[in-house]
Amino acid sequence: MQVIIVGAGKLAKELLGSLELDTRYQVVSWDERAADDGQAIVVHAGSGRELAAVSTFCVETRSPLIELSTGSAVEDGEFAFPVVLCPNTNILMLKFMAMLEASGPLFRGYKIELVESHQASKTSVPGTAVSMAHSLGLAPEAIQSVRKPSVQHDTLHIPENQLARHAFHRIRIEDGACSVQMETRVYGDTPYANGVARIVEAVHAHPLESRVYPVMEFITKGWL
């Protein structure tokens with residue numbers, strides 16, 4: 001089965017170069033796809049420019065779409081094929097987020113601080129942080145975003161060799177006398193590629209309806 005990577009940016013190139021799947025799959029770019037090979041699994045990691053053509057392809061070939069881009073136009077649409085929304089593809093992070101989603105309401109009414117940091121080149125919406133904020137009852141505007149390398153290194157203690165590619169989140173909950181702090185760190189590229197590979201395998205292993213699936217549903221169903 002073809003696994004078609006759509007996009008021309010950094011993430012798409014990383015997936016084309018490092019996505020490790022067994023011999024059942026052939027990883028190709030959107031331009032290299034074989035349109036007459038029947039059903040494929042399409043992974044969209046682009047700006048959205050190709051989405052109309054991707055949607056037509058998925059309808060014609062009955063192919064599921066894995067959406068990696070945050071704020072994509074597919075988030076609120078209705079489709080004649082399965083769509084899996086993945087604002088994050090690190091499986092451990094997704095399980096942490098599932099824990100927050102289940103337990104977040106316990107902390108309503110406390111003082112909560114949410115800090116996120118990514119490489120300075122990141123300009124898109126910090127989807128993981130927004131999801132965490134939602135689970136904790138925070139408005140997205142309350143998220144503290146850090147993009148300055150000197151602050152990332154000196155204050156958040158991101159190693160210098162990881163400043164160009166990292167994801168950091170810190171949650172602090174306090175009531176004055178007591179405080180609880182949770183912190184996540186993801187460095188490098190491999191955790192994302194490994195996660196995408198596992199999501200591809202889960203999509204292939206389970207019959208999906210023609211609707212939008214938040215990837216968190218795969219976590220709660222035990223598919224990941």
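This briefing covers strand β6, its partners and the two largest pockets. The model is predicted. Strand β6 spans residues 111–118 and is largely enclosed by the rest of the structure, because six of its eight residues are buried. The largest pocket holds about 790 Å³ of space, and the second largest about 340 Å³.

**Strand β6 and its partners**
- β6 pairs with strand β8 (residues 166–174) in the antiparallel sense, over eight bridges.
- Within that pairing, I112 stands opposite I173 of β8.
- With strand β7 (residues 144–146), β6 pairs in the parallel sense over three bridges.
- Here V115 has Q144 of β7 as its bridge partner.
- Helix α4 (residues 127–136) joins β6 and β7 in a right-handed β-α-β unit.

**Largest pocket**
- Its lining counts 29 residues, with L11, L68, K122, S124 and R165 nearest the centre.
- α1 (10–18), α4 and β8 each contribute at least two lining residues.
- By class, the lining has 16 polar, nine nonpolar and four charged residues.

**Second largest pocket**
- About 340 Å³ of space lies in the second largest pocket.
- The second largest pocket is lined by 18 residues; L85, P87, G127, S131 and P214 are the closest to its centre.
- α3 (91–103), α4 and α7 (215–220) each supply at least two residues of this lining.
- α4 gives the most, with four residues.
- The lining divides into 10 nonpolar, five polar and three charged residues.

Methods:
Residues are numbered from 1 along each chain as its sequence is written. This is a predicted model: local features need pLDDT of at least 70, side-chain atom pairs count only at pLDDT 80 or more; totals for chains, interfaces and linings use all residues. Side-chain values use heavy atoms; hydrogens and water are left out. Buried means under 20% relative accessible area, exposed over 50%, partly exposed in between (1.4 Å probe, protein chains only). Two strands pair if DSSP finds at least two bridges between them. A crossover is right-handed if, with the strands pointing away from the viewer, the path from the first strand over the helix to the second runs clockwise. On a 1 Å grid over the protein atoms alone, a cavity is a set of points where a 1.4 Å probe fits but cannot get out, and a pocket is an open set with protein on both sides within 12 Å along at least five of seven lines; lining residues have an atom within 4 Å of a point. Grid points are joined across faces, edges and corners, and a volume is the space filled by probe spheres set on the points. Ala, Val, Leu, Ile, Met, Phe, Trp, Tyr, Cys and Pro count as nonpolar, Asp, Glu, Lys and Arg as charged, and the others, Gly among them, as polar.
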